[in-house]
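Load the model in a viewer and keep the selection tool at hand. The stops below are meant to be taken in order.

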Amino acid sequence: MRGEVVRAYRAVLKATRKTFAGDTLMLKQSAIEVRSKFDENRNVTSDTEIQKLLEEANEASQFITTMIVQAQLNPDSGTYVVKPDKEHAGATLELPSEEIIRKSG
C-alpha cells in the first residue's frame with residue numbers, strides 16, 4: 001500500500017509541475033499544498049480510508065492535468081494567452097475576467 005501512496009503523491013506533483021511550468025510561485029505553493037494534504041493523512045491506517053484517499057489523489061492529478069490551463073502574459077500586447085494541450089481536449093474553457101487577473105497579480 002505504501003508504494004501506491006508514493007505513486008499517487010508523485011503523480012499529483014508531476015501534474016502540478018507540468019501545469020504550472022515556468023510559474024515559480026504556483027510550483028512552490030502547489031508543492032506545499034500537496035505535501036500538506038498527504039501529511040494530514042499520514043496516520044490513517046484503515047485500508048478503506050486509504051483507498052478513498054488514493055482515489056481522491058488520482059482524481060486530483062487528473063483534474064490538474066486536464067482542467068487547469070496556465071495563462072501566459074504576452075508582454076507585447078499586455079494580454080493573456082491560453083494554450084491548451086491535447087490533455088484538455090473536450091474540456092470547457094472558462095477565461096477569467098481582466099479584473100480577476102489584475103487582483104491576482
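The tour goes from the whole chain to single residues and pairs.

**Whole chain**

Begin with a cartoon view, and keep in mind that this is a predicted model. The chain has four helices and two strands. Read from the N terminus, the order of the elements is α-α-α-β-β-α. Now switch to a surface view: the chain exposes about 8100 Å², and carbon and sulfur atoms supply 53% of that area. Of the 105 residues, 16% count as buried. Of the contacts between residues at least 6 apart in sequence, 48% join residues at least 24 apart.

**Helix α3**

Select residues 47-67, which form helix α3. A distance between its end C-alpha atoms should read 29 Å. The helix has 21 residues, so at 1.5 Å a residue the expected span is 30 Å, and the two values agree. Which residues of α3 are buried? Show I50, L54, A57, S61, I64 and T66 as sticks; these are the ones. Then add α1 (2-19) and α2 (24-40) to the view, since the buried residues of α3 pack against both of these helices.

**The nonpolar core**

Next, select A8, V12, L13, A15, V34, I50, L54, A57 and I64, the nine residues of the largest nonpolar core. Two elements, α1 and α3, each give two or more residues to this core.

Centre on I50, which is one of the core residues. Apart from residues up to four places away in sequence, I50 touches M1, V5, V44 and T45.

**S61**

Stay on α3 and move to S61, which belongs to this helix. Is S61 buried or exposed? Its relative accessibility is 11%, so S61 counts as buried, the cut-off being under 20%. With neighbours within four places in sequence set aside, S61 is in contact with A11, V12 and A15. Two of these, V12 and A15, are also listed in the largest nonpolar core.

**T66**

Continue along α3 to T66, another residue of that helix. T66 has 18% relative accessibility and therefore counts as buried, again by the cut-off of under 20%. Show the side chain of T66 together with the backbone of Q62: a polar atom of that side chain lies 2.8 Å from the backbone oxygen of Q62. For a longer distance in sequence, label the C-alpha atoms of T66 and A15, which are 9.2 Å apart in space and 51 residues apart in sequence.

**R10**

Go to R10 in helix α1. At a relative accessible area of 57%, R10 is exposed, because the cut-off for that class is over 50%. Draw a line from the C-alpha atom of R10 to that of A57: the two are separated by 9.9 Å, with their positions 47 residues apart along the chain. A57 is among the buried residues of α3.

**The aromatic pair**

How many aromatic pairs does the structure hold? There is one. Select Y9 and F38, whose rings are arranged edge-to-face, 5.0 Å centre to centre with 75 degrees between the planes. The pair links distant parts of the chain, as Y9 is in helix α1 and F38 in helix α2, 29 residues apart. Colour both residues by accessibility: Y9 is partly exposed, with a relative accessible area of 21%, and F38 is partly exposed as well, at 24%.

**Strand β1**

The last stop is Q72, in strand β1 (residues 72-74). Q72 has 44% relative accessibility and counts as partly exposed. Show its surroundings, leaving out residues up to four places away in sequence: Q72 touches T79, Y80 and V81. Finally, take the C-alpha distance from Q72 to V82, which is 6.5 Å for residues ten apart along the chain.

How values were computed: Residues are numbered from 1 along each chain as its sequence is written. This is a predicted model: local features need pLDDT of at least 70, side-chain atom pairs count only at pLDDT 80 or more; totals for chains, interfaces and linings use all residues. Side-chain values use heavy atoms; hydrogens and water are left out. The expected span of a helix is 1.5 Å times one less than its number of residues. Buried means under 20% relative accessible area, exposed over 50%, partly exposed in between (1.4 Å probe, protein chains only). Contact means heavy atoms within 4.5 Å. Rings of Phe, Tyr and Trp (its six-membered ring) pair if their centres lie within 6.5 Å; planes under 30 degrees apart count as stacked, over 60 as edge-to-face and the rest as tilted. A nonpolar core is a set of buried Ala, Val, Leu, Ile, Met, Phe, Trp, Tyr and Cys residues joined through side-chain atoms within 4.5 Å. Accessible areas come from the Shrake-Rupley method with a 1.4 Å probe; for residues, only the protein chains shown count as cover. A polar contact is a pair of N or O atoms within 3.5 Å; within protein, one must be able to donate a hydrogen and the other to accept it, and residues adjacent in sequence count only if both atoms are side-chain atoms.
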